[in-house]
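Trainee: Please take me closely through one part of this model, the surroundings of the ligand. Start with whatever I need to place them in the fold.

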Amino acid sequence: MTLKIALLPGDGVGTEVVAEARKVVDATGLDVAWTDLDWGAERWHRTGSMMQDDWEALLRDHDACILGACGHPSVADHISLWEMILPIRQRLDLWANLRPVRLLPGVPTPLAGRTAEHIDMLFVRENSEGEYAGVGGRVHRGHPGEVGIETSVFTRMGVERVVRHAFERARDRRGQLTSATKSNASRYGYVLWDEVVDATAEDFPSVTHERVLVDALAARMVRNPESLDVVVASNLFGDILTDLAAAIQGGMGTAASANIAPGTDTPGLFEPVHGSAPDIMGKGIANPIGAVWSTVLMLEHLGEPESSARVAAALDAVCASGPRTADVGGSAGTVEVGNAIAAHVAAS
Ligand code: GGG
């Protein structure tokens, strides 16, 4: 069967890392029909829109999409996000954002005395509402009394589905779920969230669960990462905590993610957690690990577990032996690392 995969490099280093992700998937020998998409800042300058008008139908006509990065210094950040990645997540209702956190072999962590056995977590981030619902507005622009309002939206259905999915993941891992909220200072949405967690827990007797305030959880991730298995968090908290998690596992370039709608056949969007990194774009030094790891998640989601495992094993092997990019202690370029991973996959 031919897999139809849309390739959306986006901006900045997205172009560089997505090329390596594609190369590695091709090395599996799977039959893939790629669709190249020119969406992003350059298109916005040229045509006035980041994506083509029929973007939703186009994505739904594929099995998956690989995204590189959103954001360019020449476009306001909120335009970049609200004209591409956030509408894609919302309109396709990709409500779960899975972000595995693991210290890959040979990759240095900034946490003293910690090794791979201490760092193995899965973040399940709510991906369609919460603080990124897009509800709000500004009035009296430019006046001293100007007001900007950003409203968080938590629906019972939205919270229930992501919390249930996190419990399922915890049940299939080490049986421990940590829920991150701030339901002391924020007394509505996060209190609803906490109640949903407690109620859902009754269906998962083999999973122990706990409620932790997000600020305390951030400290615990640094001091005691081995105490965490699956973490479920709102859109904003999941976004922030997984940048911290990326740093713990060796840097932003190493972090992968899957935007999915579990239980449906909606195509998922797979992307490295990092942004467009304008400071290093075009230099050929961006780390492709996050993008390649995202293809591991994609292939698993597409029902190709053998290919997924081959790419995961190649990733581990290349991290262990090199070549590695400078951010994880090496001196290789993006293409050299991608070539090495692809060669391992082809030989496996
Ligand atoms: N790799 C995709 C990307 O550019 N992410 C940057 C970012 O800030 N994304 C916002 C989000 O994940 O909600």
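Mentor: Two strands count as paired if DSSP finds at least two bridges between them. Strands (E, at least two residues) and helices (H or I, at least four) are DSSP runs numbered from the N terminus. This is a predicted model, in which local features need pLDDT of at least 70 and side-chain atom pairs pLDDT 80 or more, while totals for chains, interfaces and linings use all residues. Residues are numbered from 1 along each chain as its sequence is written, and side-chain values use heavy atoms, with hydrogens and water left out.

Let's begin with the sheet. Its 10 strands run in the order β2-β1-β3-β12-β11-β4-β5-β10-β8-β9, forming an open sheet with mixed pairing. Because β2 (32-36) and β9 (208-213) stand at the edges with a single partner strand each, one side of each has no neighbour in the sheet. From one strand to the next, the twist averages 20°, taken between axes fitted to C-alpha atoms in their N-to-C directions, on a scale from 0 to 180 degrees. Within this order, β11 (256-260) and β12 pair in the antiparallel sense over 4 bridges, and Ala 256 has Pro 272 of β12 as its bridge partner.

Pro 272 brings us to the ligand. Among the 14 residues around the ligand (a heavy atom within 4 Å), those that come nearest are Cys 70, Arg 125, Glu 271, Pro 272 and His 274. Three backbones make polar contacts, that is, pairs of N or O atoms within 3.5 Å. A backbone N or O atom of Cys 70 is 2.7 Å from an oxygen atom of the ligand. Polar backbone atoms of Gly 68 and His 274 each have a ligand nitrogen beside them, at 2.9 Å for Gly 68 and 2.7 Å for His 274. On its own the ligand has 370 Å² of accessible area (Shrake-Rupley, 1.4 Å probe), and the protein covers 87% of this. β3 (64-69), α4 (77-91) and β12 (268-272) each give two or more residues to the shell.

As for composition, the shell has 6 nonpolar, 3 polar and 5 charged residues, where Asp, Glu, Lys and Arg are charged, Ala, Val, Leu, Ile, Met, Phe, Trp, Tyr, Cys and Pro nonpolar, and the others polar. At least three shell residues come from each of domain 1 (1-102 + 252-348) and domain 2 (120-248), with bounds from an automatic or database assignment.

One backbone detail follows β12: Ala 277, in the loop between β12 and α9 (289-301), has a positive phi near 45°. Most residues other than glycine have a negative phi.

How values were computed. Polar contact = N/O pair within 3.5 Å; in protein donor to acceptor, adjacent residues only side chain to side chain.
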